[in-house]
Amino acid sequence: MQPVTSTEIKDEEPDREERVRRIIHVDMDSYYASVEQRDHPELRGKPVAVGSPSARGVVLTASYEARPFGVRSALPSLTAKRLCPDLIFVPARFDVYRSVSAQIHAIFAEYTDLIEPLSLDEAYLDVTHNKQGVPIATEIATRIRARIKEVTGLNASAGISYCKFLAKMASDLNKPNGQAVITPKHGPAFVARLAVKKFHGIGPATATKMERLGILTGADLRAKSLAFLQQHFGKSGTWYYNISRGIDDRPVRPDRERKSVGAEDTFIGDIFDLDAARGEILPLVDKVWRHCHNKSLRGRTVTLKVKYTDFQIITRSRTEAAPFETTEGIVAAVDALLAPLFPAAKGIRLLGITLSAFTDDVRSERADQLQLAI
């Protein structure tokens, strides 16, 4: 699909122009792999995968040279190696990726304070009223991408639109090292032509369900009533109803709260024994707890993730009335979720722990408890 070309985002009605937002979605190209190719010239132009080549390893990021072979993120390393025999694996260096990400976000801050990070390598920017006073969003995106290249040596792609959903979709149109814009005039038509399986936020399971209902494109989605979509997709039905019309009023939130913190580990050998599983859980809980403690986060819900040797994934959750205050409390809650899964009928290849349902103000809650005690 060819991107919509324009030099400026404008509403069709002049008196409404001030209400049209200018949103940029910046997405670094093959971020981890590009950093490795930058720092190791011998890797440039070669198929590279960041991750472990072990039997239980997975690809974190693949360079563009590896992608024509079908190598992609989350692919098992052994499968990736079969698809691309010349694939070069390099270990991840998250300290470096975080450092480069800080440089990139400092560039964003030269233009706006309304920055919503999504990960180390992508973010939304609201540049409607920007620090440089540049009225054209496409020009800002061009400048930001040039500055990123100048400072880090890395390529970035960008999508520009009047809402977050379409800015995200636009950033994929001219990858790598390009940008595209979707204007308010062209937004609904762009969505109508797009296959629903390519919508950001619609995964394979939802896309399959939509196809069973005769929904293959954005136009098909738009043809369904709000009641129909709510009946089949619950609360998400309202979201699908709106985006099928190119409507997304979500603001860019620089203070976006972290909704969960998790850690997981894939094992060299399958686990069948409860005690072995308990031993693997302890370092995961410790990692999650330390991160939450450093960020002053306290959560009430703990979720256990289990991936079996046949790649079946199950989750089990437990929510307490008050936030967990110790690692021992989390371990006990996880153990209560884990124990019923044994004896295991098949091997476990991965365990994960996530803490969520964070309390907004733990100190205030504790103060209230003290007052009640008095």
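Select Asp121 first. Asp121 sits in the loop between strand 5 (115-119) and strand 6 (122-126). This is a predicted model. Asp121 is partly exposed, with a relative accessible area of 21%; the buried class ends under 20%. Now show what surrounds this residue. Leaving aside neighbours within four places in sequence, Asp121 is in contact with Val26, Asp27, Met28 and Tyr31.

**Across to Asp27**

Move to Asp27, one of those contacts. Asp27 belongs to strand 1 (residues 23-28). Is Asp27 buried or exposed? At 11% relative accessibility, Asp27 counts as buried. Again without neighbours within four places in sequence, the contacts of Asp27 are Asp121, Glu122, Ala156, Ser157, Asp172 and Lys175. Display those side chains together.

Keep both aspartates selected. An unreviewed UniProt entry places the feature "binding site" at Asp27 and Asp121. The two span 95 residues in sequence, yet their C-alpha atoms are no more than 5.9 Å apart, so they gather at one spot.

**Helix 1**

Next, select residues 31-39, which form helix 1. Tyr31, a contact of Asp121, is one of the buried residues here. Seven of the nine residues of helix 1 are buried, so the helix is largely enclosed by the rest of the structure. Colour the buried ones: Tyr31, Tyr32, Ala33, Ser34, Val35, Glu36 and Gln37.

What do the buried residues of helix 1 pack against? Their partners are strand 1, strand 2 (48-51), strand 3 (59-62), strand 4 (88-90) and helix 3 (94-108). Strand 1 is already familiar as the strand that holds Asp27.

**Lys164**

Go on to Lys164, in helix 5 (residues 164-170). This lysine is buried, with a relative accessible area of 3%. Which residues does Lys164 contact, leaving aside neighbours within four places in sequence? The list is Ile23, Glu116, Tyr124, Asp248, Arg250, Pro251 and Val252. Select them by number and look for the acidic residues among them, Glu116 and Asp248.

**Ile281**

Jump to helix 11 (residues 274-294), where Ile281 lies. Ile281 counts as buried, at 3% relative accessibility. Not counting residues up to four places away in sequence, Ile281 touches Leu304, Val334, Leu338, Leu351 and Ile353. Now draw a distance from Ile281 to Glu65. These two are 216 residues apart along the chain, and their C-alpha atoms are separated by 37 Å.

**Zoom out**

Switch to a cartoon of the whole chain. The secondary structure comes to 13 helices and twelve strands. The radius of gyration is 23 Å, close to the 21 Å that the globule rule gives for 374 residues, so the chain is as compact as a globular protein of that length. Along its principal axes, the C-alpha trace spans about 65 × 65 × 45 Å.

Colour by burial next. Of the 374 residues, 43% count as buried. Then turn to contacts. Among those with a separation of 6 or more, 62% link residues 24 or more positions apart.

Finish with the surface. The chain exposes about 19100 Å², and carbon and sulfur atoms supply 52% of that area. Colour the charges last. There are 52 positive and 46 negative side chains. How far apart do the centres of the two sets lie? They lie 4 Å apart.

Notes. Residues numbered from 1 in each chain as written. Predicted model: local features only at pLDDT ≥ 70, side-chain atom pairs only at ≥ 80, totals over all residues. Heavy atoms only, no water. Helix = DSSP H or I, 4+ residues; strand = E, 2+ residues; numbered from the N terminus. Rg over C-alpha atoms; globule rule 2.2 N^0.38 Å. Buried < 20%, exposed > 50% of the residue type's maximum accessible area, 1.4 Å probe, protein only. Contact = heavy atoms within 4.5 Å. Areas by Shrake-Rupley, 256 points an atom, 1.4 Å probe, with all protein chains shown as cover. Lys, Arg positive; Asp, Glu negative; His and termini not counted. Charge placed at Lys NZ, Arg CZ, Asp CG, Glu CD. UniProt positions renumbered as here; feature names shortened; annotations may be inferred.
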